[in-house]
Amino acid sequence: MDESRMQRRYHSLEEMIQDNYGDSVSVIRTDSVPGGDINNAYRLRLSDGTCLFVKTNSVGNLNFFLTESGGLGALRSLNKVGVPEVLGTGTDEQRGISFLALEYIESSPRTPAYWEDFGRQLAALHRAECQNYAASESSGKSGSKFGFYEDNYIGATPQKNQPQKNWVDFYRECRLLPQITMAGKYLDLSVRKKADWLLEHLDLYMREPEFPSLLHGDLWSGNMMCGKGGVPWIIDPAAYVGDFEADLAMTQMFGSLPGRFYGAYNEVNPVDKTGYTQRRKLYDLYQLLNHLNLFGSMYLGSVVDIINMYAGA
């Protein structure tokens, strides 16, 4: 991927298209694509036959796309699983939008080998060297193992990625604490006290992983695709460097994937099944707190149940 092109900000969709495909190429058809609560999405067909995938939002929300671009670029650079190429980000003042343009992935039916292939590829991604993404040179934390070189978003919620040397510290300070703080209006005093106790004693339950992993960060089934030929693709990341168990937990939060996915994953990256089972709900807690903060009290019961599970009923 051309990193300089990925980082370039365009001033119109036309400028982005001409930079990637030439001055003579233009949009001949625009189709709305369903899915997603935050952005509008479209398939653009160009005069040379190429299709693009474009997300749009208000001009003021350009940072959604700049940070997603960074996450996609990081995941794609490891070359372990399919990740769409970033063609450009920018604003189009005439249309009143910000945008992210990606290569278009044609969705196809899953092949018999899809889940095994995806499991092995995700495991390879998690085992890949990724230390250079855990901190920027300007952060002064070049020895950090966990975090990301920039903050980004989990859904529409800002996601803090301040680099840390320890996973437990990172998960406390950058994942659970911000969400618990935001959820203050939902948590009564007794629940908040238990949540505070859990934060203080997180090291009783969580581990320091043997190695850091570049994570997708929001790996539910809607962010997995099967492309032509049964190729697995991942989209819409909230990327950062952490413990691979966080990604695995997200694949199970709304119902597990087929068992052959986990079996294939374990062949490449063995999982401590007993320890992971004991920790898994702590990873769910972050995601469910985010759902509580985004969508309201329908998620409160699940949040409280997990806090009670670890901090005592």
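This report describes the overall fold of the protein chain and then the surroundings of one residue, Gln 287, in a predicted model.

**The chain as a whole**

The secondary structure of the protein chain consists of 10 helices and 12 strands. Because a compact globule of 313 residues would have a radius of gyration near 20 Å, the 20 Å found for the protein chain agrees with that expectation. Along the principal axes, the C-alpha atoms occupy a box of roughly 65 × 40 × 40 Å. Among contacts in the protein chain with a separation of 6 or more, 65% join residues that are 24 or more positions apart. The table collects further values for the chain.

| Property of the protein chain | Value |
|---|---|
| Buried residues | 51% of 313 residues |
| Exposed area | about 14,100 Å² |
| Share of exposed area from carbon and sulfur atoms | 47% |
| Distance between mean positions of the 30 positive and 38 negative charges | 4 Å |

**The surroundings of Gln 287**

Gln 287 belongs to helix H9, which covers residues 273-295. Its relative accessible area is 7%, and because buried means under 20% relative accessible area, Gln 287 counts as buried. The side chain of Gln 287 reaches the backbone oxygen of Gly 217 at a distance of 3.3 Å, and Gly 217 also appears among the residues that Gln 287 touches when those up to four places away in sequence are left out. The other residues touched by Gln 287 on that basis are Ile 154, Asp 218, Met 250 and Met 253. Taken together, Gln 287 is a buried residue of helix H9 whose side chain reaches a backbone oxygen, that of Gly 217.

How values were computed
Residues numbered from 1 in each chain as written. Predicted model: local features only at pLDDT ≥ 70, side-chain atom pairs only at ≥ 80, totals over all residues. Heavy atoms only, no water. Helix = DSSP H or I, 4+ residues; strand = E, 2+ residues; numbered from the N terminus. Rg over C-alpha atoms; globule rule 2.2 N^0.38 Å. Buried < 20%, exposed > 50% of the residue type's maximum accessible area, 1.4 Å probe, protein only. Contact = heavy atoms within 4.5 Å. Areas by Shrake-Rupley, 256 points an atom, 1.4 Å probe, with all protein chains shown as cover. Lys, Arg positive; Asp, Glu negative; His and termini not counted. Charge placed at Lys NZ, Arg CZ, Asp CG, Glu CD. Polar contact = N/O pair within 3.5 Å; in protein donor to acceptor, adjacent residues only side chain to side chain.
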